[in-house]
Structures are given as C-alpha cells and as structure tokens.
Amino acid sequence: MKVLYRLKEAGYQGFLVGGAVRDLLLGITPKDFDVATNALPEEVRRLFRNCRLIGRRFRLAHVHFGREIIEVATFRAAAAPEREDAEDIEPDSVNEGGVTDSVAEAEAEFIAPSDSEHRAFDQRGRILRDNIYGTIEEDVWRRDFAANGLYYNIDDFSIWDFVDGVSDVRARRLKLIGDPETRYREDPVRMLRAVRFAAKLDFSIEPATEAPIGKLAHLLDGVPPARLFDECLKLFLSGFGAKSYRLLQKYGLFEHLFPQSAAAFAMPPYAYAEEMLVRGLINTDERIAADKPVTPTFLFAVLLWSAVLRELNERQAGPAPDTALLLQACDTVLRAQQSRVAIPRRFAIPMRELLMLQPRFNRRSGLKSLSLLQHPRFRAAYDFLLLRAQVGVADPELAKWWTDIQVLPQEERAALVQARPAEPAVEGESGAAPSRRRRRRRRGGAART
C-alpha cells in the first residue's frame, strides 16, 4: 500500500498486478506482491530510498521493507519478457564444471532486429532483452497467461481486465495471451510456467495453449542452466512437486531438464528410481504442508540417483560398492547435468556427500561404524536410505537398525555394534585415495650405511 500510494501521490499510475490479483480472487494468500507503473525505474528509485534496481535483460525496481520485497515494473510494450525472467544471478551460480549462466556469454548468439537497439532476440525467436516502455494497454500483452494479466486499481478499487482473465480465473483455466507457439518461442520457460501454475492452482491448460508444448519442448535446451535451476526449485519445492513431475512427464519436458535421469528411468534396472523420485516428492510436499524445512540438496540427490547408479555400474564389474568409483560417477553426472540445470556448489557438494554415505550404512560392526551418526549429512543420508528401503532396493532391516540405534544411549550403542560379527570394510570407505604401487628402488642409488 505504501508503494502504490506513494506512486499515486507523485503523479504516477500504480497497479497491483499479476499473480497477487489472481490469488486474491481465488481466496489464496499471495506469497508476494508486484506493482506495475508508468514511472521509469530511475524515477521509482528517486521516490524510495529503500529501492534497488536489478535485472540484466530488463530493469526492475525492488523496494525493500525488511525481508519483504515489493517488485515494481514499468509498463512495457508488447513482447517484453515476464517479471520472473529478470536475472540477477548470484556468483554461486558458477558451477563446478565451469559452466555459467552468464547472459553476456550467450549474447554472441543473439541478433537484434533493426527496429530498436533495446530489443534483442536469439535465432529461435527467444527474447534476450526488451527495455521498450509502453502503456498499460500494451503492458498486458507481454504478460503470459490471461489469469495473470489482471490489474488492481487503488483509485476506485477496480480490476482492469483487458484479456478476459477474470473469466479464466473463475473457470480455473490457463490460456496464453496471443499466439501460443510464438509466445513459447519468445520464452520457452513459459512451458514450465504453464505446468507450474496448473499444478499449483489445479488449473486446466486450454487446448490451444497445451497443443504446442510437446513440439517445442526442445527449446528448453537453449535456456540458461541457472535460470532453469530457479524454475526447478519453484516446480519441486513449492508444495506441489509430485503433480508438477507428472505434468512434466506428460508434456515431454522432464527429459530436457534431466536427460540422464529420464534415460535411466526407461531402463528396467533403474525403473524403480522413478517410483523413488515420486515418493520423495510426495514426502517433500507433505513437509512443506507441515511447514517443515526442505532442501534442494535432497531433491537433486533423488533426481540424479538413477543416473549416478547407471554411471557407476558402467565403471565397476563386481557388485561390491566401491566408493572411489561412486565418487567418480557422481562427479561425471554432475558435470553433465550442469549443462541443463545448473546446480550451485552449495547444493552440489552436500548432495555428493549424501550419496557417498549410502555404502557406509552397510557397515554396522565395530565402534567406527557409529561415527556415521556424527556426520553432518547423516540425517539427509538416513532419509535417503529410508526412501531406498521403501522402494525395495535397500534392506528394510538395515533401515530399521539405523532407525533404532539413533534413540539408544551411547553405552547401548557401543555394546550393540561390538556384539555384531565383523563385516568386510566397504572398499574405499575411508575416503582415502586409492593405494599406489610401490616404486622400485632405482639402481645405482646411494649405498646403505
């Protein structure tokens, strides 16, 4: 309200816009509030001392109130990208494989049409940059779905609806504004947004909006990996991950986000991993509904587990787990994945540690086995073990043993593991580098004294 009324008092138009209006019509508490105005970003910054301008592809004003951020966007001409496409990438987005999502890095592939130096497209029709400002009547045409193209006016407390969006909200329907194929080519992420809104709001996707998705799914391959990382978090960590996954599979989008996992799911030895993923997403949705914390680390571990196993089995001949080879498999899969969905180091490294702990659960004899309980990734790795047991690829008795031992006093834990017969150590379990061959002593060396 402060933002809207200060804009009004300064002589500018200010509207509450987009998802907040839609959610209020549905009786849902909005998670954030966005404002559209005819004030330029620099003019917004002059009005608010607590304002910061962001965005590489186009400029946005963020007005900060503690941890709350009100995003203020200037009206744009038709075809400007969506507000959620603004990129203000963290340095951590550079991944271990050396792959970055830098827009500047990709600009060599982009061509600017002759009509304006402020608008640029790539060769597939995807918008790179659009800072052409317009009126509210033009601004609505750069919105994606009609249900998101609603403007709430504080002057008379009315909704301005240029695209029959109110009817779509009442019908719980998603319909793209404009020609669907053109809009998807301008920004392929709109296909993911269609899936996300359909899953989140329980909306149907209008047939004309739905029809091109399967044909154009391959366009996601050209989207910057860091941007797809953000979209994956919204798809899978917002409380409707299981439904999002089913829709991604239905429209052929999942294989363009996680190609290695999709390929493994289609192979009988790893088919169980898809059930494991669905169970993991259901568990995550339940945790979010119960207001419990969730982490991308566990999500990506479940998403990539089948690909890691496939890579591991191609590296080792025997059934015994070799953690040195498991580490190599994790790194290989992560490097390949970074070209599609970039996973920042702060999640990639803990994810690798979580997977590397799985063979250690097999060892339950000797006091050394109890050190696993003190590992900072134990809880996430234990939850992963339970998930494996649920789909029948880990021994349920093993999962029960680790469940029970956590609640025992220290003395009883020690007595329990010392009473068990010795078990063979897991190869490479200590994490030490593989032993090297001892070099022969060179002839002609110094004589012994």
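Here are a few worked exercises on this predicted model.

**Exercise 1. Get an overview: how many helices and strands are there, and what share of the residues is buried?**

Start with the secondary structure: you should find 21 helices and twelve strands. Next, look at burial: of the 449 residues in the protein, 50% are buried. Then check the outside, where the accessible surface is about 22,000 Å², with 51% of that belonging to carbon and sulfur atoms. Last, look at how the chain folds back on itself: among contacts with a separation of 6 or more, 69% are between residues 24 or more positions apart.

**Exercise 2. Work out which stretches have a pLDDT below 50.**

Begin with the whole protein: the average pLDDT is 84, and 80% of the residues score at least 70. Now for the weak spots. Residues 80-117 have a pLDDT below 50, yet the model gives this stretch 87 contacts beyond near neighbours in sequence. Residues 425-439 also fall below 50, with eleven such contacts.

**Exercise 3. Place A77 and decide: is it buried or exposed?**

First find the spot: A77 is in the loop between β5 (68-74) and α4 (103-106). Buried means under 20% relative accessible area. A77 comes in at 12%, so it counts as buried. For a long-range neighbour, try E138: it is 61 residues away in sequence, but the two C-alpha atoms are 5.1 Å apart.

**Exercise 4. Classify the aromatic pair F298 and F384, and say which helices it ties together.**

There are 19 aromatic pairs to choose from. For F298 and F384, the ring centres are 6.0 Å apart and the planes make an angle of 75°. Planes over 60 degrees apart count as edge-to-face, and that is the label this pair gets. Now place the two residues: F298 is in helix α16 (residues 296-315) and F384 in helix α19 (residues 378-390), so the pair ties together parts 86 residues apart in sequence. Finish with burial: F298 is buried at 16% relative accessibility, and F384 is buried at 0%.

While you're looking at rings, pick out the cluster that ring pairs build from F229, Y245, F254, F258, F265, F300 and F347.

**Exercise 5. Find which arginines lie over the faces of F197 and W401.**

Take F197 first: R196 lies over its face, 5.0 Å from the ring centre. Then go to W401, where R364 lies over the face at 5.6 Å from the ring centre.

**Exercise 6. Check the span of helix α15, then find what covers its buried residues.**

Step one is the length. Helix α15 (residues 272-289) has 18 residues, and at 1.5 Å a residue it should span 26 Å; the end C-alpha atoms are 26 Å apart, so the two agree.

Step two is the buried side: Y272, A273, M276, L277, G280, L281, T284 and D285. Why do the numbers step along like that? An α-helix has 3.6 residues a turn, so residues three or four places apart point the same way.

Step three is the cover, which includes α11 (225-236), α12 (241-250), α13 (254-257), α14 (259-265), α16 and α19. After the helix, look for D291, which has a positive phi near 60°.

**Exercise 7. Do the cover check for α12.**

List the buried residues: G241, A242, S244, Y245, L247 and L248. Their cover includes α8, α11, α13, α14 and α15. Following α12 comes G252, with a positive phi near 70°.

**Exercise 8. Look at three loop residues, F157, D202 and D187: where does each sit?**

F157 is in the loop between β9 (150-153) and β10 (158-161). F157 isn't a glycine, but its phi is positive, about 60°. With 56% relative accessibility, F157 is exposed.

D202 is in the loop between α8 (189-201) and β12 (204-205). D202 has a positive phi of about 60° as well, again without being a glycine. At 52% relative accessibility, D202 counts as exposed.

D187 is in the loop between α7 (180-186) and α8. D187 is buried, with a relative accessible area of 2%. From D187 to L220 is 33 residues in sequence and 9.0 Å in space, C-alpha to C-alpha.

Conventions
Residues are numbered from 1 along each chain as its sequence is written. This is a predicted model: local features need pLDDT of at least 70, side-chain atom pairs count only at pLDDT 80 or more; totals for chains, interfaces and linings use all residues. Side-chain values use heavy atoms; hydrogens and water are left out. Helices (H or I, at least four residues) and strands (E, at least two) are DSSP runs, numbered from the N terminus. Buried means under 20% relative accessible area, exposed over 50%, partly exposed in between (1.4 Å probe, protein chains only). Contact means heavy atoms within 4.5 Å. Accessible areas come from the Shrake-Rupley method with a 1.4 Å probe; for residues, only the protein chains shown count as cover. pLDDT is the predictor's confidence in each residue, from 0 to 100. Rings of Phe, Tyr and Trp (its six-membered ring) pair if their centres lie within 6.5 Å; planes under 30 degrees apart count as stacked, over 60 as edge-to-face and the rest as tilted. A charge sits over a ring if NZ of Lys or CZ of Arg is within 6 Å of the ring centre and within 35 degrees of the ring normal. The expected span of a helix is 1.5 Å times one less than its number of residues.
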